[in-house]
Amino acid sequence: DTLRVRLRPPIDIQSNRLYEVWDDDRHLIAKEFMKPEEWEDAPPREYQALQLLSSFDIAPVPVYCSPDAGPVVLYEFMEGQMWDRRCPTADELAQ
């Protein structure tokens, strides 16, 4: 197995770090929460939210989250544009 990791350039609204992770042919994203006040609750909440959305094909599929791994959520890479903090339009949701 060949594991490669690369930091993604952050966008202005981001308060976390995103890493692209390749494990052979599998492309994943690791999201590292940077605010100490988020370390305990935010990763499992995000993981659970992604689980709830996984059947709709509108969000990445969660792969891993564990308190032992630190404030990190690992999920499948999903093609497309990341939404910012505004509500998506009906057309964007339809796409």
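A residue is called buried here when its relative accessible area is under 20%, exposed when that area is over 50%, and partly exposed in between, with a 1.4 Å probe and protein chains only. The model described is predicted: local features need pLDDT of at least 70, side-chain atom pairs count only at pLDDT 80 or more, and totals for chains, interfaces and linings use all residues. Residues are numbered from 1 along each chain as its sequence is written, and side-chain values use heavy atoms, with hydrogens and water left out.

The description begins with the sheet. Helices (H or I, at least four residues) and strands (E, at least two) are DSSP runs, numbered from the N terminus. Five strands make up an open sheet, arranged in the order 1-2-3-5-4 with antiparallel pairing; two strands pair if DSSP finds at least two bridges between them. Strand 1 and strand 4 (62-65) are the edge strands, each with a single partner, so one side of each has no neighbour in the sheet. On average, neighbouring strands of this sheet are turned by 25° against each other, direction ignored. Such angles run from 0 to 180 degrees between N-to-C directions, and the axes are lines fitted to C-alpha atoms, for helices over the stretch in contact.

Within the sheet, strand 2 and strand 3 are paired in the antiparallel sense over eight bridges. V21 has L28 of strand 3 opposite. Helix 1 packs on the sheet, where strand 3, strand 4 and strand 5 (72-76) are touched by the helix, contact being heavy atoms within 4.5 Å. The direction of helix 1 makes about 160° with that of strand 4. The loop between strand 2 and strand 3 holds D25, which is exposed at a relative accessible area of 81%. Between the C-alpha atoms of D25 and M78, which are 53 residues apart along the chain, the separation is 14 Å.

Attention now turns to charged side chains. Side chains of opposite charge can pair when their charged atoms come close. Five salt bridges are present in the structure, a salt bridge being a side-chain nitrogen of Lys or Arg within 4 Å of a carboxyl oxygen of Asp or Glu. One of them joins R6 and E20, whose closest N and O atoms are 2.5 Å apart. Because R6 lies in strand 1 (residues 3-7) and E20 in strand 2 (residues 16-23), this pair ties together parts that are 14 residues apart in sequence.

E20 also meets R8 in a salt bridge, at 3.6 Å from N to O. R8 belongs to the loop between strand 1 and strand 2 while E20 is in strand 2, so here the parts tied together are twelve residues apart in sequence. R6, R8 and E20 are thus linked in a network of salt bridges. Within this network E20 is buried, with a relative accessible area of 7%, whereas R6 is partly exposed at 41% and R8 is partly exposed at 29%.

A further salt bridge is formed by the side chains of E46 and K31, at 2.7 Å from N to O. This pair links distant parts of the chain, 15 residues apart: E46 is in helix 1 (residues 42-53) and K31 in strand 3 (residues 26-33). K31 counts as buried, at 14% relative accessibility.

The last feature is a nonpolar surface patch of about 410 Å², made by L52, L53, F56 and I58. Patches consist of residues with over 30% relative accessible area and no salt bridge, with like charges joined within 9 Å and nonpolar side chains (Val, Leu, Ile, Met, Phe, Trp, Tyr) within 5 Å. Accessible areas come from the Shrake-Rupley method with a 1.4 Å probe; for residues, only the protein chains shown count as cover. F56 sits in the loop between helix 1 and strand 4 and is exposed, with a relative accessible area of 55%.
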